[in-house]
Amino acid sequence: MRGLVIKSTGSSYIVRLDDGTDVECHVKGNFRIRGIRSTNPVAVGDWVEVQSDKGQGTKDKGQGTFWITEVEDRRNYIIRRSTNLSKESHILAANVDQVALIVTVNHPATSTTFIDRFLATCEAYRVRAILIFNKIDLLNEEELAHLKELRALYESIGYETFEMSALSIQPSDILPLFAGKTTLLSGNSGVGKSTLLNALFGREMTRTGKISDAHDKGMHTTTFSEMYELQVQRDDVPCTKEDLRGWLIDTPGIKGFGTIDFEREEVGHFFRDIFRASADCRFGNCTHTNEPGCAVQEALIKGSIAISRYESYLSMLGDCTESKYR
């Protein structure tokens, strides 16, 4: 039986079979060690083969235990370095059309390093990324000015950006972003992913939490990854309901984004602004650190590449040579 993994709790998975039936599945121990160096060899968004120990064709939930036996080849995935030192990586989601990275200027503040690392990973795995700046209703005049600067920076690089307040947004304002797509919602803890999800569906799909008063940091409310089917209604789009249906993948908030499987000489390829400038570097294998004739260094001095972007680039170079999580 074939199905789509729509929920992961760490110990089991919910798989929606081709006939629309949802079954709880497990993964056998030998499956975990077949060359898959990840905390989660099966991820939300995976297409899998499922069998029951009472027979391959059994779909009755009361008949035996269901096992995931194979994972189909992924067309893409978003991956980060795992905090579990016994493993290399953690797959956030597989087979996605786009990532909506939810960020906040304050309450809590999302660092540009986190944003840039996430965007670079999306570039590496050829996944479209959009930036959604949330909680704009909480910003003072200075913070709103900073928001304007950040949007201008990332739009100049080529990324789409949006701003909103998830507490007051109208679903019709943002639903078109997700029409007909599988979208991964991600971001730091406390940026409002769950609030946005609840607003889009018009009911409580997942719990929301408060920001820590002591540190102005988000606290985890989503503890597992789950896909939600979204029926997008748009009268202005001449297509069927099936074409408009979307999937939203909600994931636990993450504090850091450690990158993995990057070679030093290729990191610059995943920073659009740095890659464009590097075409004029004297050396083809320039790392843009201390080589003579580096066009990236010249662009940095001229201000056509932001210092924050270059610092993020350098931090990722460190990931290539140091075994640490950032």
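Helices here are DSSP runs of H or I, at least four residues long, numbered from the N terminus. That convention fixes where helix α2 ends. Just past α2 comes Arg126, with a positive phi near 55°. The model is a predicted one, and α2 is a good place to enter it.

Start with the whole chain. It holds 326 residues, and 50% of them are buried. The chain has nine helices and 13 strands. Its accessible surface is about 16,000 Å², with 47% of that area belonging to carbon and sulfur atoms. Among contacts with a separation of 6 or more, 66% join residues 24 or more positions apart.

Next, confidence. Mean pLDDT for the chain is 83, and 78% of the residues reach 70 or more. Among the elements, helix α3 (residues 141-157) has the highest mean, 98. Helix α6 (residues 241-244) has the lowest, 54. Over residues 211-216, pLDDT stays under 50. The model still gives this stretch 13 contacts beyond four places in sequence. Where pLDDT is low, predicted coordinates should not be read in detail.

Now return to α2. The helix spans residues 112-124. Its 13 residues reach 18 Å from first C-alpha to last, close to the 18 Å expected at 1.5 Å a residue. Most of the helix is covered, with 10 of the 13 residues buried. The buried set includes Phe114, Ile115, Phe118, Leu119 and Cys122. Polar residues are on that list too: Asp116, Arg117 and Thr121 are among the buried ones.

What does the side chain of Asp116 contact? Asp116 lies in α2. It counts as buried because its relative accessibility is 0%, and the cut-off for buried is under 20%. Its side chain makes a polar contact of 2.9 Å with the side chain of Arg309. Beyond four places in sequence, Asp116 touches Tyr154, Phe271, Ser308, Arg309 and Ser312.

Ala124 sits in the same helix, α2, and is also buried. Leaving out residues up to four places away, Ala124 touches Phe262 and Phe270. The second of these lies 146 residues from Ala124 along the chain, yet the C-alpha atoms of Ala124 and Phe270 are separated by 6.0 Å.

The view widens to the nonpolar interior. The largest nonpolar core has 56 residues. Ile78, Phe118, Tyr154, Leu184 and Val296 touch the most other members. Helix α2 supplies the largest share of this core, seven residues. Apart from it lies another core, of 21 residues. Its members include Ile102, Leu196, Phe201 and Leu248.

Two of those names, Leu196 and Phe201, lead to helix α5, where both are buried. Helix α5 covers residues 193-201, and nine of its nine residues are buried. Polar residues share in this: Lys193, Ser194, Thr195 and Asn198 are among the buried ones. What lies over them? The cover of the buried α5 residues includes strands β8 (98-103), β11 (182-186), β12 (225-230) and β13 (246-250). Helix α4 (171-174) is also part of that cover. Just after α5, Gly202 takes a positive phi of about 75°. Arg126, which follows α2, has a positive phi as well, near 55°.

Notes: Residues numbered from 1 in each chain as written. Predicted model: local features only at pLDDT ≥ 70, side-chain atom pairs only at ≥ 80, totals over all residues. Heavy atoms only, no water. Helix = DSSP H or I, 4+ residues; strand = E, 2+ residues; numbered from the N terminus. Contact = heavy atoms within 4.5 Å. Buried < 20%, exposed > 50% of the residue type's maximum accessible area, 1.4 Å probe, protein only. Areas by Shrake-Rupley, 256 points an atom, 1.4 Å probe, with all protein chains shown as cover. Expected span 1.5 Å × (residues − 1). pLDDT = per-residue confidence, 0-100. Polar contact = N/O pair within 3.5 Å; in protein donor to acceptor, adjacent residues only side chain to side chain. Core = buried A, V, L, I, M, F, W, Y, C linked by side-chain atoms within 4.5 Å.
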